[in-house]
Amino acid sequence: MRTERAISGPAATWLKKRNRISTVEIAFWLTTLLPFVLFPSYLSLASQIAIAALFALSVDLVLGYAGIITLGHAMFFGLGAYAAAVLAKHGWGEPLTGLLAAALIAGVAGFVTSFIIVRVQHLALIMITLGLGLLTYELANSFSSITGGTDGLSVEIWPVLGIFDFDLWGYTAYGYALAALFIGVLAARRIVNSSFGLALTGIRENSARMPAIGSVYRVHLQKIYVISASMAGVAGALLAETTGTVSLDTLSFQRSADVVVMLILGGTGRLYGGIIGAIIFLVARDRLSDLNPQYWYFWIGLLLMAIVLVMPGGVLGGLARLFQRNAK
Amino acid sequence: MIGNLIVVLFDGFAFGMLLFVLSVGLSVTLGLMNFTNLAHCAFGMLGGYCVVVAMRSLDMPFLLALPLAFIIAALVSVAFERTIFRRLYRAGELNQVLLTIGLVFVAAASFAYFFGTGQQPIVLPDYLQGSVEIGTLRFGAYRIFLVVMALLIAGLLVVGLEHTRFGARIRAAVDNQRVAQGLGLDVDSIFAVTFALGSGLAGLGGALAIEIVGLDPSFGFHYLVYVLIVVAVGGLGSIGGSFVAAALLGIFDVTGKFFVPDIGAFLIYLFMVVLLFVRPLGLFGKR
């Protein structure tokens, strides 16, 4: 049995210092409120961004912090979306409990698969995450009596807290998604700035040395995988509830790949990387929507290659290096 | 019924042989440099479009266009390897995956721009069309050609790897790169040549695939999953492993889609996940 001890001394002070909220963060969260007044016609896009950002944040926890490369995280996103939608289809359209159900179901799926995930590495890991994602997609396609198959489901969602109805303009949708994202970031922030978060970073940097210093690294990885899966499930449920529909596309490989692209674009292992990436990715796609999607991926591909070759660490990593250079 | 089963099994085997040609190069290069090259099928797609252009615009016969696909895919891939890929050999899997997936996106968009998003059919020469009757069973002539080609390539690869000096160098570099380097082998250029050969084979595979699965700009993505399954299940750097894995996958895929169309794809992914869980190194992987 492990006993929880209150940590004190320089290490605890250091962790506390990391956990302090900076003025940049406060300013960032204040700007997220701007769409309500400045761009009311883009509120549905803004809520899409908030949902994608929460999904990217969940991937950041496993990929950026714990170093588990996953190409199948849409599996949890889709499970969450279907959990909320199926619940609503059967007469319970209360949104907050829908989110909880999604977190629970995705978390259970994450717990079951985590036993496989922590035992493999390298190519086998990539292939297993990819395979599990494709498998869930095929499963959802086969059980069309529950999932609606290729047609998807469209559902009726009750007002949030019994007051805020999901309106056509997306005021409620954006407020709801933004609140969920905010809570998600707070939770993720608390996790990565704890001793558990530091253990995860240690595993990412050197998975052979962590067991040598007594870290139960598989248990750590399983924990963060379950947390991340639940968070992805919540993001999926948010999408289902704010749009009132869910389709197989929530489980697709495309979604798994897109979220990794967003995260890389913003920068991994930085909490806000996924959010910045989601903003850039989705705003750019909205602006370039006249383009054929085939050509849109030309630029995404080029951008990915450029980031890997010239700007490792994404936008935030690049900015951080710029500031460090100026500070010297 | 039995006759039906035999023909379906043979079709599956032929599809498996196609997958073998497409993926064996990736297996060897992954084993050699640990470079996760998700753009492998994009080179296959390049080979396919080479054949389309050669046959339509230059009026080349099919059998002459095939080596052309091999050569162009090999040359283009080695140009990429020398300029871009080699910077990432020590950069970690994530960066390799991202760079090569970016390349697949760019390739898909570029081919869509120049050729459109539609299928690109070709007209095969007469002797490859139709079917051959053996007893009461009818086998597709092209599928027989495909199996013969794949067996020939497998034979050449085994002879080349096991019985030539260059093959011995490749095996040494796959087994232990650092010791091979210490003994004075130029692993860098060995890898460049192997990479070119592997991508060339992918190009050939892409060309051979047109008649079986068609060719459109999503080819590089769609068949990537199949190729990765073959490589991961067969084990890195193992030609025999790739052969067995490709044959199994092809047979399972075709028979599964024929007899249980609803869950055929599901069974394949399940099989892969379970196998990789039990044997993370694949059937014949060594490390």
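Which residue of β2(B) is the bridge partner of Glu133(B)? In this predicted model, the partner is Arg138(B), and the pair belongs to a small piece of strand structure in chain B that makes a convenient place to start.

**The strands of chain B**

Strand β1 of chain B, residues 131–134, pairs with strand β2 of chain B, residues 137–140, and the two run in the antiparallel sense over 4 bridges. Together β1(B) and β2(B) form a hairpin in which 2 residues lie between the strands, and in that turn Gly135(B) has a positive phi of about 65 degrees.

**Chain B as a whole**

Around this hairpin, chain B has 11 helices in addition to its 2 strands, and reading along the sequence gives the pattern α-α-α-α-β-β-α-α-α-α-α-α-α. Because the radius of gyration of chain B is 19 Å, close to the 19 Å that the globule rule gives for 287 residues, chain B is as compact as a globular protein of that length. Further values for chain B are set out below.

| Property of chain B | Value |
|---|---|
| Span of the C-alpha trace along the principal axes | about 60 × 45 × 35 Å |
| Buried residues among the 287 residues | 48% |
| Contacts between residues 24 or more positions apart, among those with a separation of 6 or more | 78% |

**Where the two chains meet**

The contact between the chains takes 28 residues from chain A and 33 residues from chain B. On the side of chain A that touches chain B, α7 (122–142) and α15 (293–310) of chain A each supply at least two residues, and the largest share, 13 residues, comes from α7(A). By character, the residues on this side of chain A divide into 22 nonpolar, 5 polar and 1 charged.

**The largest nonpolar core**

In soluble globular proteins, nonpolar side chains tend to be buried together. In this model the largest nonpolar core holds 206 residues, and the members that touch the most other members are Leu54(A), Ala84(A), Ala69(B) and Val227(B). Helix α4 of chain A, residues 43–65, gives the most to this core, with 16 residues.

What does Leu54(A) touch, not counting residues up to four places away in sequence? With those neighbours left out, Leu54(A) touches Ala180(A), Leu181(A) and Gly184(A), and also Met231(A), Val234(A), Ala235(A) and Leu238(A).

Definitions and conventions:
Residues are numbered from 1 along each chain as its sequence is written. Chains are lettered from A and ligands numbered from 1 in the order in which they are written. This is a predicted model: local features need pLDDT of at least 70, side-chain atom pairs count only at pLDDT 80 or more; totals for chains, interfaces and linings use all residues. Two residues are in contact if their C-beta atoms, placed from the backbone, lie within 7 Å. Ala, Val, Leu, Ile, Met, Phe, Trp, Tyr, Cys and Pro count as nonpolar, Asp, Glu, Lys and Arg as charged, and the others, Gly among them, as polar. Two strands pair if DSSP finds at least two bridges between them. The radius of gyration is taken over C-alpha atoms; the globule rule is 2.2 Å times the number of residues to the power 0.38. A residue is buried if 20 or more other C-beta atoms lie within 10 Å of its own, exposed if 12 or fewer, and partly exposed in between; C-beta atoms are placed from the backbone. A nonpolar core is a set of buried Ala, Val, Leu, Ile, Met, Phe, Trp, Tyr and Cys residues joined through C-beta atoms within 7 Å.
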